[in-house]
Each structure stands twice: as C-alpha cells, then as structure tokens.
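Reader: Hello! I am new to this structure and would like a close look at one part of it. Could you walk me through that part and then show me what lies around it?

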Amino acid sequence: MTDYVTVTSDAPLGRTGAIKLHGREAFAGMHKAGRLAAETLDMLVPHMVPGVTTAEIDRLIYDFVAANGGTPATLGYRGYTHSSCISINHVVCHGIPGERQLKSGEIVNVDVTPIVDGWHGDSSRMYLIGDVPLKARRLVDVTYECLMIGIEQARPGNTMGDVAHAIQRHAEAHRYGVVRDFCGHGLGRLFHDAPEVVHVGRPGTGPELKPGMIFTIEPMINIGRPDVKLLDDGWTAVTRDRSLSAQFEHSIGITEDGCEIFTTSPAGLDRPPYPA
Ligand code: MF3
Ligand code: CO
Ligand code: CO
C-alpha cells in the first residue's frame, strides 16, 4: 500500500517513505528553485564547445548558482564534491567534473541541483558538441521526447506505471534500452524523497498520482542494452556495452488537472540544437 502525507507546515519533514502532498508554498518555492536550475542550464549554452574542461563547466555552474542566491545540493552530498554531474557519451549519469576536455562529436548531459530558500531544483539537459553524428542526435531527440511523453501522463488519477510505460514504449519503439538502475525521485525540501520514479513499467501499476506530489522524471536511454556498470570512482555509471546514453530531467508538481513543470527554460533552450 502506498502511504501519502499532507504537508501542512513549511517545516522540513524527513524521509518517512510516505509520499508528501505539498501545498501552495512548496509549489512557489519549487518554481524559484526550478527556474534557477533552468537558467543555469541556459547560461551554459555558449560554453559547451570543444576544448572546455568539465571542471571549467562545473566552476561556471557554482559561480552562477551562488551569484543567484542558491547552493548546489550535490556539494558535500554523500561525499560528492562538485556542483554538477557531467556525463559524456557512454556515461549514463553522475559523471564527475575534471580535466577532461569536450570534443567535437560528443553528446553531454549536465545535471544541476540548486537549493533556493531550502527548496531543491533538479534538472538536466543534453548538449551537442560541435558536429554530432545523426545516430547520436537521434538518441538525444528521442530521449527528450521520452521525458515529455512521460510528463504528459503526469496527472491525477494516473499512476507512476502510466508515466513509466509511456517512456518505455517510446524508447523501445526506437530499439533503445531504458536504464533500470537509476530512477527519478520525489523532492522538495529534501533532495531525494519518496516516491521512486521508475522509467519502465506497466500501465495502471505503482503509486497513484495525486495533486501536491512533487518529483523528477529523468529517463536515461541507451542506444544499446539497458545495463550499466559503476566505475571505480564509485560514482560514474557507464553503459556496459559502451553504447551512447542520453538523459533529460525536469522537476514537476502534480496539480488538480495535470502538472506544472518547474524547470522549463525561460529562454526556450529546453533541447538542442540551441541557437548559436
Ligand atoms: N542530480 C542527480 C539527480 O538527478 C543526483 C546527483 S547526486 C550526485 O538525482 F551526488 F551524484 F551528484
Ligand atoms: Co538531476
Ligand atoms: Co534527479
């Protein structure tokens, strides 16, 4: 049985396993945090070019988030010491920023998580570096479609399985693999909260969606098999078959008649190709 709890005060409420049903002030807070996440990803567009190191991108993110009154949730999170995750090509997620330079032809996910007034924004997008082969651009397009097709199912009365199924169906129609090992998650005053948001499933299964629920949808889609492996650094997840992987992430809140996306780009830069 799924447990729900209505959050009546704006005090932090810990992880109990119950799904929180948030009120107006949470939605207002999430809009602010989500907007900063989106503006951070917008800001990066001119910087995502060959020769830039991922540490330089991470530094731009830290500076921008701090200058706008936020703090990166990943700094110090479970021993993670960076302001973003930057995942190149066959890296599925949690790529660690470092001295690696971006190269023409690569596809790159940048995932940012600013905390603003105690609320967590969480969003990621793909960037195309220089000239990217059609096969990789197709993966990026379909992955964005998977996210938005999942979001279309996010409304009261539907279940998490409806969201998952829509994503899986679209990805598999293109013969892509949907990663099972990482999920979306509830968030708010907490970074990672119930429910777990899976990206594969059957219609009508899983928790029912109710107004006030706040969570991410963040499908990771591989050209090849769904299987991942963790590198020795303990963070970097890569496709086992070394095939390319893409991901987009939005933070959303369920309303009476659908959902609100907190992390939409104010500049219209939700997906590539981004104008030069
Ligand atoms: N932003 C990631 C997510 O979408 C979480 C990154 S946690 C880190 O949930 F520690 F790896 F940064
Ligand atoms: Co994220
Ligand atoms: Co997330």
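How many bridges join strand S14 (residues 220-222) to S17, and do the two strands run parallel or antiparallel?

Author: Happy to help, and please keep in mind that this is a predicted model. Three bridges join S14 to S17, and the two strands run antiparallel. If you would like a spot to start from, find Asn222, which stands opposite Ser245 in S17.

From there you can widen the view to the sheet. S14 and S17 belong to an open sheet of three strands, ordered S10-S14-S17, with antiparallel pairing. Its edge strands are S10 (177-178) and S17 (245-247), each of which pairs on one side only. Next, look for helix H3: this helix lies across S14 and S17, at about 35° to S17.

H3 also leads us to the nonpolar interior. The largest nonpolar core has 32 residues, and the ones that touch the most other members are Leu209, Met213, Phe215 and Ile217. At least two residues of this core come from each of several elements, among them H3 (134-152), helix H4 (160-173), strand S13 (214-217) and strand S18 (250-254). H3 gives the largest share, eight residues. As a general point, nonpolar side chains tend to be buried together in soluble globular proteins.

Phe215 is a good residue to zoom in on. Setting aside neighbours within four places in sequence, its contacts include Leu209, Met160 and Val197, as well as His185, His250 and Ile252. There is also a second, separate core of 30 residues, and Ala26, Val45, Val110 and Tyr274 are included in it.

Finally, let us visit the metal. The cobalt ion (ligand 2) is coordinated by oxygen atoms of Asp111, Asp122 and Glu249, at 2.1 to 2.3 Å. In sequence, these donor residues follow the spacing D-x10-D-x126-E. The angles among the six donor atoms of this ion run from 60 to 168°, and its site is irregular. Asp122 has a further role here, as it bridges the cobalt ion (ligand 2) and the cobalt ion (ligand 3), which lie 3.3 Å apart. Asp111 sits in strand S6 (residues 107-112), while Asp122 is in the loop between strand S8 (119-120) and strand S9 (123-128). Both of these aspartates, Asp111 and Asp122, are buried.

Methods. Residues numbered from 1 in each chain as written. Chains lettered and ligands numbered in written order. Predicted model: local features only at pLDDT ≥ 70, side-chain atom pairs only at ≥ 80, totals over all residues. Heavy atoms only, no water. Donors = N, O, S within 2.8 Å, 3.2 Å for Na, K, Ca; no water. Tetrahedral: all angles 85-135°; square planar, octahedral: opposite > 155°, others 65-115°. Helix = DSSP H or I, 4+ residues; strand = E, 2+ residues; numbered from the N terminus. Buried < 20%, exposed > 50% of the residue type's maximum accessible area, 1.4 Å probe, protein only. Core = buried A, V, L, I, M, F, W, Y, C linked by side-chain atoms within 4.5 Å. Contact = heavy atoms within 4.5 Å. Pairing = 2+ DSSP bridges. Axes fitted to C-alpha atoms, helices over the stretch in contact; angles between N-to-C directions.
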